[in-house]
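Let's walk through this structure together, one topic at a time. Keep the sequence and the 3D view at hand as you read.

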Amino acid sequence: MSDSLSYEVVPKVAVPQAAADTPPYWQTVFRRLRNDWLTLAVGAILVGIVSAAIFAPVLAPYSPYSGSILHRLAPIGTPGHWLGTDETGRDIWTRLLYGGRLSLLAGISPVIIALAIGGSLGVIAGYSGGLANSVIMRATDTLYAFPSVLLAVAICGILGNGLLNSILALAAIFVPPMVRISESVTSQVRVLPFMEAAKASGASDLQIIRHHVISNIVGTILVYATSLFSLSIILASGLSFLGLGVNPPDAEWGLMLNSLRQAIYVQPLVAALPGLLIFITSMCFNLMSDGLRSAMDTRLSE
Amino acid sequence: MRRGMAQTGSASSPAGSGGKRDEAVLRASNLSRRFPVRSGVFGRATDYVRAVEDVSFAAVEGETLAIVGESGCGKSTTGRLLMGLVQPDRGSVQFNGKLVGAPGGIPLKSFRQRVQMVFQDSAGSLNPRLPIVDTIAFGPRVHGVGTVEARTRAEALLSEVGLPPRIFARRYPHELSGGQRQRVNIARALALEPRVIIFDEAVSALDKSVSAQIINLLIKLRSERGLTYIFISHDLAVVEFISDRILVMYLGKVVESGPAADLFSAPWHPYTRALLASRLHADPDRRVREAPTTGDPPNPIHPPPGCRFHPRCSMAEPVCTANEPALQEAGTGSRMVACHAYRAGSGHSMAT
């Protein structure tokens with residue numbers, strides 16, 4: 001008994017040494033994610049939506065483009081067309097599957113483009129400070145002066161409609177907030193003492209950015225980008241709803257919402273389906289971003 | 001053997017060493033730096049903080065040179081000027097007689113391999129997102145060592161500074177104690193195999209027992225690796241223990257320099273005397289009863305005319321307000337002091 005008593009004292013003395021084998025940062029992030037059932041659930045839904053879109057040709061029972069005018073505006077639960085048909089008799093389930101491809105593409109790619117452009121501009125501005133910072137940040141402020149949706153509509157109007165143009169327009173409106181976020185976290189990191197220590201080792205600015213800046217800002221920026229996904233999907237659908245995005249024969253959730261709009265008194269449930277999917281997808285991205293944010297917060301780790 | 005290396009370059013050493021061969025491994029010449037005080041909408045510089053003015057010294061191979069002084073006297077800025085982390089307004093740094101970062105001299109990058117620095121903030125100077133082994137390996141990788149070899153070297157250094165790599169290598173800074181983190185910082189400095197290490201208050205933030213362990217480690221490393229130390233500190237007990245030579249700074253200027261033993265046994269400059277008198281003694285018979293100096297150091301934006309110490313000096317005379325004393329050799333040996341009382345013909349009544 002006395003053995004176990006004295007043994008208990010030992011770890012107290014050697015506390016700093018005793019906490020051996022602490023896992024790396026990303027491992028602790030995953031550990032915290034694993035205990036967050038809400039984030040896991042929305043993650044699973046998103047995986048489901050994305051893989052449904054990817055495997056649309058396999059899963060879809062009909063062609064997305066051809067329908068029979070005889071079966072137009074069938075209600076939900078019609079045999080053969082379980083989610084109904086649209087105003088030209090095309091199967092809604094098929095069109096939703098194919099529509100997911102374009103909606104996700106139009107929603108996600110602007111954020112990735114903005115992440116690459118805005119993220120690097122922000123790092124350059126935040127790291128170099130001085131004149132480069134002023135030039136980049138004032139240019140960003142100019143873009144900020146326009147309301148984002150109007151700017152996207154205006155850019156689409158100038159470039160003409162089409163998927164690529166709507167992606168470019170959305171990327172353009174997401175660049176300024178991306179620059180701001182990455183500039184602010186970079187300039188916070190830049191003044192930390194370990195940056196001076198890295199500089200004292202003779203490293204070039206590029207090496208310091210790669211090894212010491214990126215690792216400290218990537219979490220914040222990724223969380224922010226995830227939160228933009230939901231907004232981007234809604235805006236992309238909005239643009240095609242206005243006829244500025246995807247062109248009519250193609251299936252896209254926003255476009256489907258627009259064409260089914262006329263049937264809202266005939267088949268309100270069918271007409272609401274694309275909107276429901278837009279809502280669910282953007283909601284899931286939002287919750288996902290919240291979950292990532294708390295999982296990546298090291299202050300909660302102790 | 002390192003001395004031998006230093007001598008090979010002496011033939012091409014630049015002028016200014018006054019005929020004597022330059023034995024200094026690190027030499028600072030007239031380093032000066034003022035920081036603008038900005039105000040108003042456009043951030044115009046309305047005034048300047050004279051952080052460091054005309055600081056010159058040389059560190060000889062293998063010695064430990066301490067820079068001491070109160071907070072705000074410019075000792076940390078001097079360390080940063082030496083490393084090139086802060087650009088000097090005037091003055092230069094020479095390594096082995098070669099100008100740093102000048103054409104024909106030694107490039108800043110290779111200088112930073114030979115001269116390394118350990119900072120006061122042991123936690124802040126480590127990247128919180130990198131395992132400590134990667135932080136240590138970063139320097140060698142920057143200088144072209146392969147990833148695997150850099151990591152092996154980092155692990156060897158971890159055990160050299162007393163942190164078994166098997167337990168510590170993959171740890172993150174927040175999982176270490178202050179003393180352990182400072183050991184990591186020392187290992188990081190050693191990773192580039194420097195000849196000179198600058199310690200900027202490296203043990204000041206640690207508690208006494210940990211600080212003593214780190215000091216012992218530094219002494220061990222110095223003799224094993226033949227290192228030269230620049231030891232910036234306000235802790236006179238530590239300085240007396242570790243240093244060979246001392247540089248006393250006051251308001252951005254060097255007021256006295258000399259061998260540690262001489263300086264501690266017989267301080268000359270009234271400021272050095274006050275500084276040494278303010279130490280706490282373990283011996284109750286030598287207890288400090290009153291404050292040796294009164295008041296705060298004057299504002300470095302508008303330093304007092306003449307000798308910068310005269311408003312607080314007990315020996316101040318009219319000449320001290322009128323003329324600024326130059327740092328000159330005094331007495332025998334290599335002692336230097338900037339005080340009219342030690343300069344014959346200065347007009348000070350105590351000058352002989």
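Two strands pair if DSSP finds at least two bridges between them. Helices (H or I, at least four residues) and strands (E, at least two) are DSSP runs, numbered from the N terminus. This is a predicted model, in which local features need pLDDT of at least 70, side-chain atom pairs count only at pLDDT 80 or more, and totals for chains, interfaces and linings use all residues. Residues are numbered from 1 along each chain as its sequence is written, while chains are lettered from A and ligands numbered from 1 in the order in which they are written.

Now to the sheet. In chain B, four strands form an open sheet in the order 2-1-4-5, with antiparallel pairing. Strand 1 (residues 24-39) and strand 4 (residues 90-95) of chain B are joined by five bridges, and Ser32(B) stands opposite Arg90(B) of strand 4. Two strands of chain B sit at the edges, each pairing on one side only:

| Edge strand | Residues |
|---|---|
| strand 2 of chain B | 44-60 |
| strand 5 of chain B | 98-99 |

Next, where do the chains meet? Residues are in contact if their C-beta atoms, placed from the backbone, lie within 7 Å. By that rule, 23 residues of chain A are in contact with 29 residues of chain B. Helix 10 of chain A gives the most to the chain A side, with seven residues.

Finally, Ile136(B) has contacts of its own: not counting residues up to four places away in sequence, Ile136(B) touches Ala154(B), Leu157(B), Leu158(B), Val184(B), Ala187(B), Arg188(B) and Ala191(B).

Methods: Two residues are in contact if their C-beta atoms, placed from the backbone, lie within 7 Å.
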